[in-house]
Structures are given as structure tokens and as C-alpha cells.
Amino acid sequence: MKTDICVIGGGPAGLMAAICAARERAIVMVMETNRAAGQKLLVTGGGRCNLTHDATIDEFVRALGQAGRFLRHSLHEMPPTAVRTFFHDRGLATVVEPDGCVFPAEGRAVDVLRILLNEVERSGVRLFCESPVTQVTLRDDGFAVTTPAQTVASRRLIVATGGLSWPQTGSTGDGYRFASALGHAVIAPRAALVPLVSRETWPGDLAGVALSDVRICLAATPRKTVSSGAIVFTQDGLGGPAAQDMSRLLADELAGGGHTIGLQIDLMPSVLETELDGRLQQQLTANARKTVANVLAEFVPRRLASTLCILAGCDGDTQAGQIRKETRRALLRLLKALPLQVTGTRPIAEATVTRGGVDRRQIDPKTMSSKVCAGLFFAGEVIDADGPCGGYNLQMCFSTGTLAGRSAARQLAGL
């Protein structure tokens, strides 16, 4: 079987690449391992699909850190506003939440996938599911893409296989193997956007307790490495968007274990410490006969309040009117700088995205084409580029997929 362009991977990057290539009048095939395409897309955002973020391109570039400059051209090719327009024009209303995250108005990831698959079909793309690619080889006229059922001769190749996170959705790192076979360097994959594991055991006593707005920082450099947002305590540490963003910032340091990194959690970041001290004193005085834990529960969840009392060295059942100034100050410090020693992260299989992948230095950022293998393109998480929680990573998939698809088709057409 022959085709102009073969896309390996039927996730958001691969589907968008196929759609955009077909719009340029290329004959396109997509090879997908799973029984159905877009399996990881269906579980993003807790099944709601945070498809982008309400931000300018410059804001995206800053949020993406070291990969931002590399991704700038693709973001211009398919900016956040264009992603929303793409889906809106096909009947999907979106909403922007207060934190800037963009979701389908009905909160269903399946609606996003349905639109992508409908557009694939409308564009004439041939989608082959249950077709895992086992080998890719270079030919004089392009590439030979081998599956258990057939070998496809393709003039151009787009690798959009994802990383190693959530392997149950089909992300098993095959793209790294294909890239290596075609001469590319691969940066060792690490877990990013993943729950943190702590040395302390007390988070396990709070498993399931969540806070909607905290500020996490490095104890050593509190102004340098910071993440904000929601957290949830887990059996062995800390999860939630703020913890996952911190895991991304510390991915290199935590990779392989053997490191312990001190963090501080501001449980009430919107309140200055002096103001909080005054409020705490007022509540303790006004509720002198209540227990300290019950008074503290006016500020944080009840189970967390009891744990803070233990960490402060006081009995939570002590009457509020009886605690000493030193105890109140200890509680105040815990509310504003709760210490946590992080020893690692949960496995990469539990990560939302993968840090590492195909070395972006060997990819042309203006086309997503390989600098070392003619006719080869990359899109999505398979590239060594990742962003924080909040729709940044799906936007990256849509943008790089758009650029890779258009570039591959235009290269064929001699444009």
C-alpha cells in the first residue's frame, strides 16, 4: 500500500497533523495501535479535556520554559484562539474558567474527540486502528512503515506517538525507537506532571483531603521555583495541579531518586502572614472554649487542622483559650510554610506528560521536520517539550500537529 504521508499515532497531535495535511491535498494514512483513536485525549482534564489555555502566544512561550522558544513558530501556526475557533466552528462551545483553563462547555472530552474524528473522515484520511507499527525503515523514495498486517510505502512520515505517560492509553515510547532508528537522539524520558512522594508519612493520614488554592515553593529558594493551584494529599505524598507543576519543575533533580528536596506549602496564599496572625488570634480569643483543632478548622479542612496541631506539638483537644503564644506562632508558621521533604515522584506511567523525548535541537521549529532525516516530521509529546497543567500540553499537540501536517504536505507539493 502507498500513501503520500503516513502518521504514526492517532492522538490529538497525530489526528490534527493528518487533518491539516489532507487539507493541503495530500493522501494521508494514520496508523493507531489501539482499537480506537484518541484514548489519552478522553482522560485528559479528568475526562473534561482542558484543550487549551486562555493566554497570548508570549504568555504560552514563557509558561513553556526552555521549550517555549522552540514552540513559538508552531504556536503562531495554530494559536490558542485558533484552537477554540476550530472546535467552535464545528459546533463545540467552550468556556474559560477563572484560572484560564479552556474546557468544552458541556465538560465532555468525547465531544472533542468526536469532532477530530469527524474531520478526519471528512478530509479523506484513512485511519487504521489496531495497527501497531513494528518497524520503520528508510527507503530511496521515502519510508517503509510495517505493521503486523501490512507494510506501507510513504513518501513522508510524521511520528506522533506520545511519550511514556499513561501507557494504558497506548503511550509506550515506540516513537523513541523509531526516531533512534532514523538517526535521532532521544533525551531520557522522565515523569512530569505527576504526584510527589514525601519522606513524611503524615500526608497518608490526610489522603483525599484537598485544598483549592495553595502556593508551593522550594524551601531553599522560595522566590525562584514556585507553583500555585489546587492540591490533594495522597497515601504517599502530594497530588493535584500545584504538586504536579512542581514535579515538572523538579523533574531533572528527582529523576532516578536519591535526592531529597525541601518544599514549603503556603496553605493560605491570599492572606498576608501578619493579617492571618491577627485573624488567628481573634478566632482563638472569641472561641476560647472550643478546641484548638476546631478553631483551626475555620481556616483549613478539619483533618488537616488536627494534623497541624500534632506538627505544632500541641494537643488539638486543648481549649483555644489555653494555648501559648509559642504554639500559636508555630501554627501560623505551618499555615504559611508547611514543610514537606520530597524524595521522588510516582512512576512515569502515572504522569500526565513525559519530560524528555526526541531531541528538539534536531527538529526544525519552523516546520517540525527532522534535521537529520529528510522527509521525517514530529508532533506532540514525543518531542522533548512539555508545559504545566492547564491546557498547555494539548495546545502544544494541536500546534505542532498542525505545523507538521501542513509542512509535510507542502514539502511534497514543492511549496
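## A walk through the fold, starting at asparagine 50

Let's start in the loop that links strand 2 (28–31) to strand 3, where asparagine 50 sits. Keep in mind that this is a predicted model.

Is asparagine 50 buried or exposed? Its relative accessible area is 9%, so asparagine 50 counts as buried, the limit being under 20%. Its side chain has polar company. A polar atom of that side chain lies 2.9 Å from the backbone oxygen of threonine 52, and the side chain of asparagine 50 also reaches the backbone nitrogen of glycine 391 at 2.9 Å. Leaving out residues up to four places away in sequence, asparagine 50 touches Gly45, Cys101, Val102, Phe103, Gly390, Gly391 and Leu394.

One of those contacts, Phe103, deserves its own stop. Phenylalanine 103 belongs to strand 5 and is buried, with a relative accessible area of 6%. Not counting residues up to four places away in sequence, phenylalanine 103 touches Gly45, Arg48, Cys49, Asn50, Ala93, Thr94, Val95 and Glu97. Its C-alpha atom is 9.6 Å from that of arginine 84, a residue 19 positions apart from it along the chain.

Strand 5 is part of a sheet. Three strands make up this open sheet, in the order 3-5-4, with antiparallel pairing. Strand 3 and strand 4 (94–96) are the edges, each pairing on one side only. Strand 3 and strand 5 (residues 101–104) run antiparallel and are joined by two bridges. Across that pairing, histidine 53 stands opposite cysteine 101 of strand 5.

Now for strand 1 (residues 2–8), which is mostly covered, with six of its seven residues buried. Which strands does strand 1 pair with in the parallel sense? One is strand 9 (residues 151–159), over six bridges, and another is strand 2, over four bridges. On the strand 9 side, isoleucine 5 has arginine 156 as its bridge partner. On the strand 2 side, cysteine 6 stands opposite methionine 29. Strand 1, helix 1 and strand 2 together make a right-handed β-α-β unit.

Next comes helix 4 (residues 80–88), whose buried residues are Pro80, Val83, Phe86 and Phe87. Why do these line one face of the helix? Looking down the axis of helix 4, the buried residues fall within an arc of 120°, so they share one face. The face turned away from this buried side carries the exposed residues Thr81 and His88. As for what the buried residues pack against, the list is helix 1 (12–23), strand 3 (52–53), helix 2 (57–63), helix 5 (109–122) and helix 14 (392–412).

Phe87 turns up again in the largest nonpolar core, which has 79 residues. Ile5, Val28, Phe87, Leu116, Leu157, Ile158 and Phe378 are the ones that touch the most other members. Helix 14 gives the most to this core, with ten residues. Another core lies apart from it, with 47 residues, among them Val295, Leu308, Leu331 and Leu334. Nonpolar side chains tend to be buried together in soluble globular proteins. Back in the largest core, take leucine 116: leaving aside neighbours within four places in sequence, leucine 116 is in contact with Leu15, Met16, Ile19, Leu41, Phe86, Phe87 and Phe398.

Two loop residues have a positive phi without being glycine, and here they are side by side.

| Residue | Phi | Loop | Relative accessibility |
|---|---|---|---|
| Glutamate 130 | near 50° | between strand 6 (126–128) and strand 7 (135–139) | 54%, exposed |
| Methionine 368 | near 65° | between strand 18 (363–364) and strand 19 (369–370) | 0%, buried |

So much for the details; what about the whole chain? Its secondary structure comes to 14 helices and 20 strands. The C-alpha trace spans about 85 × 45 × 35 Å along its principal axes. Of the chain's 415 residues, 56% count as buried. Among contacts with a separation of 6 or more, residues 24 or more positions apart account for 72%.

Technical notes: Residues are numbered from 1 along each chain as its sequence is written. This is a predicted model: local features need pLDDT of at least 70, side-chain atom pairs count only at pLDDT 80 or more; totals for chains, interfaces and linings use all residues. Side-chain values use heavy atoms; hydrogens and water are left out. Buried means under 20% relative accessible area, exposed over 50%, partly exposed in between (1.4 Å probe, protein chains only). The arc is that of the directions from the helix axis to the C-beta atoms. Contact means heavy atoms within 4.5 Å. A nonpolar core is a set of buried Ala, Val, Leu, Ile, Met, Phe, Trp, Tyr and Cys residues joined through side-chain atoms within 4.5 Å. Two strands pair if DSSP finds at least two bridges between them. A polar contact is a pair of N or O atoms within 3.5 Å; within protein, one must be able to donate a hydrogen and the other to accept it, and residues adjacent in sequence count only if both atoms are side-chain atoms. A crossover is right-handed if, with the strands pointing away from the viewer, the path from the first strand over the helix to the second runs clockwise.
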